[in-house]
Amino acid sequence: MNYSKQIQDIAVRLFTENKIDVFVGYRKNVGDDNQTPFIFKNPALCDKLVFTEKSTHNLTNYLTNETTKSKKVGLVVKGCDSRSLNLLLTEGQVKRDNLYIIGVSCDGCVDEKNEKEARCIACVMQSPVIYNEMLGIEKEKKTYTIDADLLKLKHMSLTERADFFTEMFSNCIRCNACRQSCPLCYCDKCVIDQDSSLYHNGANTTSNAGMALMTWYLHLAGRCVDCRNCERACPQNLPLHLLHKQNEMVIYENFQNHQAGMYEKDRGAFYKYNLSDPDDFIM
Amino acid sequence: MAFSIFHISNDELHKLYEDIIKNNETYAPVEHSGDYKFKKVNSLKECNTDAPIKTTASVKPLFFPQTSAIMHYSEDAKGIKIDDPKEDVLTHKKVILGVKHCDARGMQVLDSVAKWDWQDEDWIKRRENTVIFSTLCVTPENTCFCTSLDYDVKTTDAYDVLVVNDGQKKLLKVCTEKGEQFLEPYTGVLTKLNGEGDAKLKAEFTKFKNAFHLKMDYKEVNAKLQGAFENDGWDFESARCVSCSACAFVCPTCHCFKISDEKVRDKGVRYKSYDSCNQKYFTLMAGGHNPRTQKYRRWRQRGMHKFVYYKERFGVNLCVGCGRCTVKCPVNISIFEVVNNVANNI
Amino acid sequence: MEVLLKPEICTIQEVIQETPDVKTFRLKFKDDSIMDKFTWNPGQFVEFSIIGSGECTFCIASSSTRKGTFDCSIKKAGLITADIHNLLDVGSEIGIRGPYGNWFPFEEIKGQNLLYIGGGIGLAPLRSLIQYTLDNRKDYKDITILYGARTSADMVYKKEIEEWKKMEDVNVILTIDKQEDLWFDNVGVVPKILEEKVHPDLSCTKVITCGPPIMIKYTLMSLDKMGFAPKDVITTLEMRMQCGLGKCGRCNIGSTYVCKDGPVFTYEQMKKLPDEF
């Protein structure tokens, strides 16, 4: 999968036609064959842009960043990235008119060992769901599946699951890489960092880490698109996707097969209701 | 003072390590879900000491842990009572095996700030009571650049014993008094080398230094960065930073911390835990004023502190070129690349 | 346990409500032997712990020439200071670490005229030097205290200011931003009153100033206009300090640590620091 040349040409055209102030894409790393996000305003740098199966970061994270706020942005998104973009638009974090979206119909990304990522093997939406221009052939939406490690989690007893997550929380070092990399975590001052919160300036104890991760998990319910920016970011290799995919599974099963960001103006699972929503728990 | 250089066979080295583990509280790199961490070991089988491993979090947590309690206290009608100090486990006499020399150098760099005026007694005691066995790397990773910085792997005394490959055997270079004394009981299995030891070491060091992908002229970069405060390169290079703290937390030389109180009813603990200048609210003051709201200011502080300010203050460069920050950064930002680009962006 | 960061217990002897949001706490170490040995120079600060809430940096607002207790004047500005105001009273126990930092160059400014310029709560750090210089009056020439606040209610140390006004060898100039009933002193911002009412002998006058950032900015401009050399203007910096000992890195600007090389700086030294205020 290589769309580097096409994206370079589009970027040059967008700058020349004054349609954008800043472009957000990928470029090669110095020293190895990984890639890194590339944000620039100078059209002369367009030839550094690349797009291959190594272009795995979700770049929509930068739309709520100070670098691109209130500017006209040209952006490259894959299928999963475009879903988080839908949610950012619905939640009012970015204006559609300010964006020129290059959507890539993705064949799947590879990790540092050049093996196809687990999430890409199970990908449900390879093609972008929102774009100005699409590269590649549109692919059909696939059925949602529950993968092996999530199934294992589902079948754990409550105590086993508690032990599993406690162990995970005890390895967290509260570096906030997960939260900062998540495109849908855009609060200027996270609730965990609020002055009135005990966890503001909290020490990196297991219970504080658990509180922070669980708060994030609940705030992301119905909004996570499984881009795995968080898990790639985590320096301790915590299996963060299991936290969120568990929620995704529960929501899929209980809220009419809802999956986050699949269509424009999607409002997430908890920001709307249908008369057919389950209500047998309401007394 | 010239310390000894010994020859030892690989088998004897393993036996030596086993003996050390049996008779001392020993830490070594242990595998943990794909990465390595320094953990206490009870046998050589549990750990990997053959090749130097870039552990996730460097050896720093063994001297300056993620979270430590400053004090425990309780409150009653009579007032506040600060409890007697609990035992500081980290000040026990211990040996750490398989430390990369960049990590060991990082600890030595932090000695400067710990011993500056107010003596950080906990740190000093932890350092005094630890014997460090370092292993010289053979193939530097493509994120490493330690030999470009202002210290010489050959002459540094950051570690007590350095283990170097020599064909089918190993060279053991003693670097400190502590190391010499520690190896005393083992002289039976060690063959002392004379002039040939130095020659072999020099050859291995040269091979090591030539194997680096990343090289820079440190003196030139340091000189150029002195005037780089207003350089707009910082803004361009820091655009993709997400302002987490992953780099600072895995770095062997980052030492900023925060102090926080956690009290439940009448008992509480005051903690000291890692903090980082990358965080948006690091410089936030009580009135609401924050000098470093913008991301490029924070990245500039990081780059300048690592390559300019600390050297100005303490005479040693803070960054030791281990490259962990690049490996663990969510978006693969290389401090080597940033600092060089800013220095050349005049 | 981190020995370096452990505070000593103090008891609050007196609480004075200076303004609606500023209280002065008069403190004494619970252990008399510690209180006897505790000494500081004007301008130094302590780390004040309200145990269970946190720790804050406050300057010592009194001079060690007045033995037995020391004062901290605290403005309610954030979470911990709110707890300090709401939860502490006479008899409460708190933690103190210190004294830290450098101090006003009280030796070097001997034999000079002193011009103190304070704004709002900024009078607190200046008070330690004012008291020191008044207690050693013969070592200094003319003393002028120019103090301004938004309103008369926002002025701190009202009683002490009255005492200073009564002293023959001290010239006190007060000002508030807008005219109020029963206010008979000056009206106008501090820099304006400085230019209008103060006529110092530049050859032997030192300026010591502290106040909110905006006041400092315009005061420094006025002092520049009046012809003061930057080395003769001394101020004390507020920068978010945490450990107070040069270890935690929070107050680091360039290669300077505000808690070790400061918080007292001359304007000349401040100009050399990178622009990170």
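What follows is a walk through two chains, B and C, and then through a handful of individual residues in chains A, B and C.

A few ground rules for reading along: this is a predicted model, in which local features need pLDDT of at least 70 and side-chain atom pairs count only at pLDDT 80 or more, while totals for chains, interfaces and linings use all residues. Residues are numbered from 1 along each chain as its sequence is written, chains are lettered from A and ligands numbered from 1 in the order in which they are written, and side-chain values use heavy atoms, with hydrogens and water left out.

Let's start with chain B. Its secondary structure adds up to 11 helices and 12 strands; here helices (H or I, at least four residues) and strands (E, at least two) are DSSP runs, numbered from the N terminus. Chain B is as compact as a globular protein of its length, because its radius of gyration of 22 Å is close to the 20 Å that the globule rule gives for 346 residues. That radius is taken over C-alpha atoms, and the rule is 2.2 Å times the number of residues to the power 0.38. Along the principal axes, the C-alpha atoms of chain B fill a box of roughly 65 × 65 × 40 Å.

How much of chain B is buried? The figure is 64% of its 346 residues, where buried means under 20% relative accessible area, exposed means over 50%, and partly exposed is in between (1.4 Å probe, protein chains only). If you take the contacts in chain B between residues at least 6 apart in sequence, 75% of them join residues at least 24 apart; a contact means heavy atoms within 4.5 Å. On the outside, chain B exposes about 14,000 Å², with carbon and sulfur atoms supplying 50% of that (Shrake-Rupley method with a 1.4 Å probe; for residues, only the protein chains shown count as cover). As for charge, chain B has 51 positive and 46 negative charges, and their mean positions are 3 Å apart. Lys and Arg count as positive and Asp and Glu as negative, with His and the chain ends not counted, and each charge is placed at NZ of Lys, CZ of Arg, CG of Asp or CD of Glu.

Now zoom in on helix α6 of chain B, residues 218-226, whose buried residues are B:Y218, B:V221, B:N222 and B:L225. Looking down the axis of α6(B), these buried residues fall within an arc of 100°, so they line one face of the helix; the arc is that of the directions from the helix axis to the C-beta atoms. The general background is that an α-helix has 3.6 residues a turn, so residues three or four places apart point the same way. And what sits over that buried face of α6(B)? The cover includes α7 (233-237), α9 (295-314) and α11 (335-344) of chain B.

Helix α11 of chain B is also home to B:N341, which counts as partly exposed at 31% relative accessibility. From B:N341 to B:G79 it is 262 residues in sequence and 57 Å in space, C-alpha to C-alpha. Elsewhere in chain B, B:R265 sits in the loop between β11 (257-264) and β12 (267-274). The phi of B:R265 is near 55°, a positive value in a residue other than glycine, and the residue is exposed, with a relative accessible area of 76%.

On to chain C, with eight helices and 15 strands. Its radius of gyration is 18 Å, in agreement with the value near 19 Å for a compact globule of 277 residues. The box filled by the C-alpha atoms of chain C is roughly 55 × 45 × 35 Å along the principal axes, and 60% of its residues count as buried. Chain C has 34 positive and 39 negative side chains, with the centres of the two sets 1 Å apart.

Where are the cis peptide bonds to look at in chain C? One runs from C:G98 to C:P99, with omega near 0°, and C:P99 is in strand β6 (residues 93-100). Another runs from C:G262 to C:P263, with omega near 10°; C:P263 lies in the loop between α7 (258-261) and β15 (264-266).

Finally, chain A. A:N229 lies in helix α8 (residues 229-233) and is buried, at 6% relative accessibility. Leaving aside residues up to four places away in sequence, A:N229 touches A:H57, A:N58, A:N61, A:S181 and A:P183. By contrast, A:N257, in the segment after α9 (240-254) of chain A, is partly exposed at 46%, and its phi is near 55°, a positive value in a residue other than glycine.
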